[in-house]
Structure formats: structure tokens, C-alpha cells
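Biologist: Please take a close look at one part of this structure, the contact between the two chains, and describe it in a connected way.

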Amino acid sequence: MKNPVYTAIAIGVGIVVLLGYFLQIDLLANLRIVLLEWATILVAVALLVGIVNLFVVHFRKSAADQQNRINSIVLIVSMTITLLVAGWFGPTHTYSLWIFNYIQIPIEASLMAILTVMLIYAGIRLLRRKPNLLTIVFIATAVIILLMSGALFGIDIPGLSELRIWIGKVPAVAGARGILLGVSLGIVAAGLRILIGADRPYGGS
Amino acid sequence: MSFGDWIGAFLGFVLTLLVFSYLIGDNPLFRITLHIFIGVSAGFAAVVAIYNVILPQLLEPIFISNRNEQILAIFPLILAGLLITKISHRFAFIGNLPMSYLVGVSAAVAIGGAVTGTLIPQLLASMNLLDVQASQVFDANVGLRLLNGVIILIGTLASLAYFQFGTLSGSSQRNQFQSWIEGIGKIGQIFIAIMFGFLFAGIFSAALTALIGRVITSLDFLRGILGLFLQ
């Protein structure tokens with residue numbers, strides 16, 4: 001059985017914050033702001049707990065005689081150097097920005113760049129494995145949007161750029177709106193289940 | 001360029017090559033680069049969380065502010081202290097109290113955000129589709145506007161019908177209803193496929209831009225090195 005105190009806290013705090021959204025009462029609005037500020041602090045602390053856990057897990061892996069221990073050692077060293085430099089000098093200091101500009105951004109941008117090849121590969125694989133109507137619609141839309149983004153080989157085919165705009169403004173909007181509404185209804189349902197205590201994803205025994 | 005910038009540019013060039021090495025297959029050098037990335041990102045995330053949230057919102061009110069703010073800061077300090085126990089397996093259960101607080105607030109924020117940020121604006125936009133004065137769907141032509149509005153409305157409802165995952169059981173009437181919804185959902189799948197195709201093209205364009213950017217940066221670095229040697 002879950003601890004009723006935890007459930008009471010989750011329901012009580014959640015209802016106060018939710019009412020603060022919809023009722024124009026100063027006391028509730030101020031209380032909502034304070035509760036959200038505390039939650040922001042807790043999210044930051046939870047992030048630190050997660051990072052400490054990452055460090056501990058890889059420290060154990062590097063200490064154990066495992067096949068891929070070099071990866072864990074590299075992770076620990078890079079994390080420690082970043083923590084020392086950015087922690088000591090501050091995240092906006094020149095030394096911290098050096099790490100950011102010359103290590104983080106090149107890797108991030110390169111990972112994004114290899115996505116180009118991965119997407120082409122995934123598209124071709126999808127066509128070969130599941131050549132049905134939906135796949136053809138999906139690929140055809142992507143190809144039309146990509147080809148009509150600019151003049152193809154210097155030739156501007158009349159009507160095709162209008163087709164691209166129409167796809168973006170009518171059927172794509174319809175699909176996106178349906179998904180957004182569906183996802184929102186799902187979020188509301190999941191949130192309400194927590195606020196009535198039907199779901200209690202905060203542990204306890 | 002300073003010496004530090006040259007070293008940085010060289011490092012960036014090498015890291016780019018190591019990431020691109022994935023194109024010939026998964027390899028240890030690529031995995032090492034990924035672990036560098038994870039380590040640096042985690043380190044930065046921790047420092048940003050400390051400098052932007054924990055120091056100004058938790059520690060400064062306790063040590064610098066007036067009595068009222070100090071008292072107000074004690075509650076999150078206690079909750080944060082309890083949350084830290086999650087690091088230990090033995091005492092992790094103590095951290096369930098701040099977790100329940102976080103879950104409650106998150107659920108309320110999610111509901112509030114979904115209703116005020118998505119549901120109401122999207123429903124209002126859907127309602128205005130057939131309002132010729134308000135809608136600016138595609139064409140100045142009123143007939144075309146209405147036609148596009150009807151297509152969007154049908155597409156939205158059909159896509160929404162595709163999300164009908166509830167279990168309906170019992171009478172044959174209900175089963176007929178379910179088969180109707182499934183049929184409409186199939187039309188919705190086409191609209192969803194078009195939307196994903198549109199998104200795919202957008203992501204592909206962004207990835208292509210990043211690829212061109214990395215290639216140009218690497219070529220600039222090589223040109224700079226060659227220029228240094230040829231001088």
C-alpha cells in the first residue's frame with residue numbers, strides 16, 4: 001500500500017496549482033507562484049541527483065574490469081573537467097565558453113549532420129519494407145516539400161511552390177491539429193489520474 | 001586567431017571527423033566521442049542548474065535575504081535535502097516525499113498548460129475555420145477558403161478519431177460505432193502521414209544545414225592550417 005501522506009501531498013499541491021491557473025484569486029495566484037518556485041528548485045536538485053548518479057554508475061563501471069571501461073573513464077574525465085572549469089570560473093567565462101564552443105557544439109552539430117544520411121537511409125528502408133499507401137504519402141510529401149523549397153536546378157516549375165504552401169497550410173495543419181488535440185487530451189487524462197490519486201508514480205511502499 | 005582558438009578549432013575538427021566516422025559503421029572512436037559529449041553536457045547542465053537556480057533561489061535567500069524570505073526558503077531546502085537521499089539505495093524512500101510534491105505540481109502544470117496552451121487555442125482555431133472573415137487559410141477566394149476550412153476540419157476530426165484507443169465492448173451497436181471510428185481514423189492516418197512527411201522534410205533541411213555548416217567549418221580550418229604552412 002502506498003503511503004497516504006505522499007498521495008495527500010501530491011493531490012493537495014496539484015489542486016492548489018491547478019486552481020491558481022483558472023481562478024482569479026490573488027491568494028491562489030501567489031501560492032501557485034511560490035509552489036512553482038519550490039518545484040523549480042526541486043527540479044534543479046533532481047537534475048543534480050541524476051548527474052551524481054550518472055557519475056557514480058560510470059565510476060563503478062570504470063573501476064570494474066569491464067570491456068568498455070575506457071568509455072566510462074572518458075565520460076568521468078570530461079564531466080570532471082567541465083565541472084571544475086565551468087563551476088570555478090562560471091558558465092559564461094571565456095574558459096567555459098571555450099569548452100562549449102570547441103567541444104560541445106562541434107559534436108552536437110556533427111551528430112545533427114549525420115542525421116542527414118540516417119534520414120535518407122530510414123526513408124529508403126521504409127519504402128522497401130512497408131510499401132503501402134501511408135508510406136508513399138509520407139515520402140511523397142517529404143520529397144515535394146524538399147524539392148519545392150527552392151528553384152530546382154534554376155528552374156521554377158509554376159504551381160509546385162503553391163502546392164508546397166498548400167500542403168503546409170491545409171492537410172499538414174489538419175494532421176498536426178489532430179495530434180496536438182489528441183496529445184493534450186491524453187495529458188489532461190494522465191494529469192487528472194494523478195490528481196485523483198488513481199496513479200501514484202512517486203514510489204512508497 | 002589566438003593559440004587557444006587554434007587548439008579549439010583543431011579539437012573541433014577532430015571531433016567532427018570522429019562523429020562522421022559513424023557513417024562507415026559503429027566504432028569505438030565514435031562511442032568515445034559520444035561519452036565526451038555526455039560528460040561535457042552533464043557537467044554544463046549541473047553548473048547551469050547551480051548558478052541559475054540553486055544559488056539565486058535557494059542559497060542566497062537563506063544567507064543574504066531578510067527573515068521572511070529566509071523562512072520561506074527553509075521549505076524547499078528541507079525538500080531538497082530529502083530529495084538528495086535518492087542517491088542512496090538504502091535511504092531512497094525518504095526522497096518519495098519531495099517526489100510526490102514534484103509529481104503533484106507537474107501534473108497540475110501539465111493539465112494547465114495543455115488546456116490553456118493547446119486545447120483552447122486549437123479548438124478556437126478549428127471553430128474559426130469556417131468563419132470567412134476570421135480565417136486566412138490559403139486563398140483570397142471565399143470559396144477556396146471555405147473548401148480549405150472544410151478539409152482542415154475533416155482532417156482534424158479524422159486525425160483525432162485515430163487517437164481513439166478506448167476499449168468498447170458489449171452490444172453490437174457499440175461495435176458498429178467502433179468500426180465507424182476506425183474507418184474515420186484511417187482517413188486521419190493519411191493526414192497524419194502528410195504532417196509527418198512535412199516534419200521529416202523540415203528536420204532533413206535542418207540536418208542538411210548542420211552538415212553544410214560542419215563541412216564549411218572543417219574546410220576553413222584546413223585552409224587556415226595550409227595558409228600557415230605556406231606563409
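Modeller: Before turning to the contact itself, I begin with one helix that contributes to it: helix α7 (residues 171-195) of chain A has 25 residues and spans 36 Å between its first and last C-alpha, close to the 36 Å expected at 1.5 Å a residue, and just after α7(A) the residue A:Gly197 adopts a positive phi of about 85°. The model is predicted, and chain A averages a pLDDT of 89, with 95% of the residues scoring at least 70; within chain A the confidence is lowest in helix α6 (residues 160-169), at a mean of 85, and highest in helix α3 (residues 69-89), at 95.

As for the contact, chain A gives 96 residues to it and chain B gives 98 residues. On the side of chain A that touches chain B, at least two residues each come from α1 (4-22), α2 (26-63), α3, α4 (94-129), α5 (133-147), α6 and α7 of chain A, and by class this side has 71 nonpolar, 22 polar and three charged residues.

One helix pair within the model deserves a fuller description, namely α4(A) and helix α1 (residues 3-20) of chain B, which pack at an angle of about 25° with their axes 9 Å apart. Because angles under 35 degrees count as roughly parallel, α4(A) and α1(B) are therefore roughly parallel to each other, and α4(A) passes α1(B) in a right-handed crossing. Among the residues making this contact are A:Trp98, A:Tyr102, A:Pro106 and A:Ile114 of α4(A), together with B:Gly4, B:Gly8, B:Gly12 and B:Phe20 of α1(B); the residues of the contact of α4(A) with α1(B) divide into 11 nonpolar, six polar and no charged.

Note on methods: Residues numbered from 1 in each chain as written. Chains lettered and ligands numbered in written order. Predicted model: local features only at pLDDT ≥ 70, side-chain atom pairs only at ≥ 80, totals over all residues. pLDDT = per-residue confidence, 0-100. Helix = DSSP H or I, 4+ residues; strand = E, 2+ residues; numbered from the N terminus. Expected span 1.5 Å × (residues − 1). Contact = placed C-beta atoms within 7 Å. Nonpolar A, V, L, I, M, F, W, Y, C, P; charged D, E, K, R; others polar. Axes fitted to C-alpha atoms, helices over the stretch in contact; angles between N-to-C directions. Parallel < 35°, antiparallel > 145°, perpendicular 65-115°, else oblique. Left-handed = near helix turned anticlockwise from the far one by under 90°.
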